[in-house]
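Here is a brief report on one protein chain. Please keep the sequence and the structure open while reading.

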Amino acid sequence: MRRLHPLVEVVGIALVGAAQTVAFVHTSLWPLQLLAVAVLAWRVGAASPRRAALLGWAFGTAWLCAGTWWMFVSMHRYGGLPAWLAALAVFALAAFLSLYLAAAMAAVARWRSSSPLAAAAMFGGAWLLAELARGVVFTGFPWVASGYAHVDSPFRGLAPWLGVYGRGAVAAGVAAAFGFSRLSLPRAWLAPVGLLAAALAIGAVAGRIDYTEPAGAISVSLLQGNVPQEEKFAARHVPEALASTFAQLESARGDLVIGPETVIPLLPDQLDPAWWQALLERFRQPGRAALIGLPLGNEREGYTNSAAGIAATTADQPDGFYRYDKHHLVPFGEFIPTGFRWFTEMMNIPLGDFNRGRLRAPSFEVGGQRVAPNICYEDLFGEELAARFVPEERAPTILANLSNIGWFGETIAVDQHLEISRMRSLELQRPMVRATNTGATAVIDHRGRVAAALPPFQRGTLDARVEGRTGQTPFAAWAGQLGLWPLWAAAIATLLASGLGRRRP
C-alpha cells in the first residue's frame, strides 16, 4: 500500500470526516457517509494502534465540528462570547467527544483479523461502542450519529429493529468491508459487495413491514411564531410576542393546537391573569385542546422547561392543565455542569439549573389520542421515548416535539433536527408533529416521511390531519424495557467474536 506523508494523511482523513456531514443534511447523498467510513477503515487497516487513534480522532473531530458548528452562533451572536472563544468551545467539545472514536480505531488496529469480513465486523462493533459512549456518557451528545445519514437510504428499514445506533453500526461494518479489502484484486470485490447487497436487501424488506396499526386521527394546528431570538426573552418585546401568540392560538382551528418550546416565555403567575384565564377558557371547550411550551415552577420548588396541555378534561387537575416537564436537560443551557459556572456566566443567555422531569411521563389524552410531548433535543434519545411505551397499553399514539432552534440562526441545525425527528418516527412507527419557533415545523408520518411542513424562518400555522398508531416495533419493545444495554452487549460480543485478544498477523 502506498505510504502517505503522516501530516497529509491526517489532514486528508479530517477532510473526509468533515465532508460526510453533507449526508446528514441532504440525506439522498447517504453513499457519501459510507464512502467516508470506508476511507477511514482503509487507512486504519494499515496503521499502528497509536496512528489509528490519531486518524480516528481527526476524523471524528472534523465530523463533529462540521456537523455542530452552529453552536458558535448561539454562543457568539446571542451569548456575546468573543468569536475566538466560541469557536474554541466548539472545537474543544468535538475534540473531547472524538476520543471515543480514537479509542475504537486503536482497538481495531491492534486486534483486527486478517479476514476482511471478520475485521469489518470488529470495526462495526468498535464503531457502535464509540457512538454509544458519545450518546450516553456525560448525559450524551448523539447529534450527527452516523445512522442519521441513512434516514432515506435502504438501511432505513433496520431502524424499527436496531434503532439509530444499530443501523449506524451495520452501515459502518459494510463500509469497513470495502476499506479492508484489496479491491485491486477482482475476487476481493465479492465479499464486500455481497455484504452490501445483503444488508440493503434486508433493510428494504424490513422497511415494508408495518409493526403498528391505525388508531384514529385528529386535526392539528402547529404554530411557528418566528420570533427573533434576540427578542424572545427581552422584557420590552414580551408583550408584543404574547399578543402575537394569542392571535395565533385564537385563529387556529385544529382539534389540537401546539405551540413551540417557551412560546410563552413567562411563568403563569407572571402573566396578566386575564390573559391566562382567557387562554384556559378557550381550550377548555369540548372538542378543543392546546399543548404549549412555557416555564413552570417557583423559587422554592425549582423551575422546569415544560409543556402545558389544556382541555376540558384537565380542568380538575392540580394546576388546571396537563403538565409535561422536560426530562433530558441540555448541559450549559438547562443545567450547569460542575466546575463550568464561570463559562456560563460569560454568556448573556437566560440559563438556569432546571429540575428534571419524569422519564416515563404520561401522555396528554385528547381526541382519543395519547400525545407524548418531547421538548427540544429530547427527540435525540430514542431509547428515552421508547420508555414511554411501557406498559404497551398506555403507549403514545402520536409524538409531539416542541422546539426553539432559533438559538442557532439560519443554519443546518434546522434540517438536522427534522431528520432526527424522522428517525424517531422510523424507530417507533409513530407520527411526529413538530411545532417550532423558526423551523422545521412539520408533520411526519409513521414511516418517517414528511407529510406537510412550513417554510422555515417565517411566521405561520400548519394545519394537518394526523393518524395515530398503536402497536410496538421491535425497537420500542426492547429499548422500552432495557434501554440501550442490548446494543452495548452486542457490540462487546461482536468484538470478542471477531478477534479481540488476537494479534493481527
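## Two cis peptide bonds

Ala440 sits in the loop that runs between strand S9 (432-436) and strand S10 (442-444). The model is predicted. In it, the peptide bond joining Gly439 and Ala440 is cis, with omega about 0°.

The bond from Val390 to Pro391 is also cis, and its omega is near 0°. Pro391 belongs to the loop between H15 and strand S8 (398-403).

## Overall build

The chain holds 18 helices and 12 strands. Its radius of gyration is 23 Å, close to the 23 Å that the globule rule gives for 505 residues, so the chain is as compact as a globular protein of that length. Along the principal axes, the C-alpha atoms fill a box of roughly 75 × 50 × 40 Å.

How much of the chain is buried? Of its 505 residues, 58% count as buried. Contacts often link distant parts of the sequence: take those with a separation of 6 or more, and 74% are between residues 24 or more positions apart.

## Surface and charge

The accessible surface is about 20,500 Å². Carbon and sulfur atoms account for 62% of that surface.

Positive side chains number 42 and negative ones 36. The centres of these two sets lie 14 Å apart.

## Nonpolar cores

In soluble globular proteins, nonpolar side chains tend to be buried together. The largest nonpolar core here has 129 residues. Which residues have the most contacts inside it? They are Phe123, Leu256 and Leu291. Helix H9 (residues 159-180) gives this core its largest share, 12 residues. A second, separate core has 22 residues, among them Leu249, Ala252, Val263 and Phe321.

Phe123 shows how the largest core is knitted together. Setting aside residues up to four places away in sequence, Phe123 touches Val37, Leu40, Ala41, Met105, Val108, Ala172, Ala176 and Phe180.

## Helix H17 and its cover

Helix H17 spans residues 474-482. Its buried residues are Pro474, Phe475, Ala476, Trp478, Ala479 and Gly480. What covers them? The cover includes H9, helix H15 (382-386), helix H16 (413-428) and helix H18 (485-497). H9 thus appears twice in this report: it also supplies 12 residues to the largest nonpolar core.

Gly483 follows H17. The phi of Gly483 is positive, near 65°.

## Positive phi between H8 and H9

Two residues other than glycine also have positive phi. Thr139 has a phi near 75°, and Val144 has one near 55°. Thr139 is placed in the loop between helix H8 (116-136) and H9. Val144 is found in the loop between H8 and H9 too.

Are these residues buried or partly exposed? Thr139 has a relative accessibility of 27% and counts as partly exposed. Val144, at 3%, counts as buried, because the cut-off for buried is under 20%.

## Trp69 and Leu93

Trp69 lies in the loop between helix H4 (49-68) and helix H5 (71-78). Its relative accessible area is 38%. Trp69 is therefore partly exposed, as that value falls between the 20% and 50% cut-offs. Which residues does Trp69 touch, not counting those up to four places away in sequence? They are Leu64, Val90, Thr411 and Ile412. Phe91 is 22 residues from Trp69 in sequence, and their C-alpha atoms are 8.6 Å apart in space.

Leu93 is part of helix H6 (residues 83-97). It counts as partly exposed, with a relative accessibility of 29%. Neighbours within four places in sequence aside, Leu93 is in contact with Met71 and Phe141. Ala361 is 268 residues from Leu93 in sequence, and 31 Å separates their C-alpha atoms in space.

Key:
Residues are numbered from 1 along each chain as its sequence is written. This is a predicted model: local features need pLDDT of at least 70, side-chain atom pairs count only at pLDDT 80 or more; totals for chains, interfaces and linings use all residues. Side-chain values use heavy atoms; hydrogens and water are left out. A nonpolar core is a set of buried Ala, Val, Leu, Ile, Met, Phe, Trp, Tyr and Cys residues joined through side-chain atoms within 4.5 Å. Buried means under 20% relative accessible area, exposed over 50%, partly exposed in between (1.4 Å probe, protein chains only). Helices (H or I, at least four residues) and strands (E, at least two) are DSSP runs, numbered from the N terminus. Contact means heavy atoms within 4.5 Å. The radius of gyration is taken over C-alpha atoms; the globule rule is 2.2 Å times the number of residues to the power 0.38. Accessible areas come from the Shrake-Rupley method with a 1.4 Å probe; for residues, only the protein chains shown count as cover. Lys and Arg count as positive and Asp and Glu as negative; His and the chain ends are not counted. The place of a charge is taken as NZ of Lys, CZ of Arg, CG of Asp or CD of Glu.
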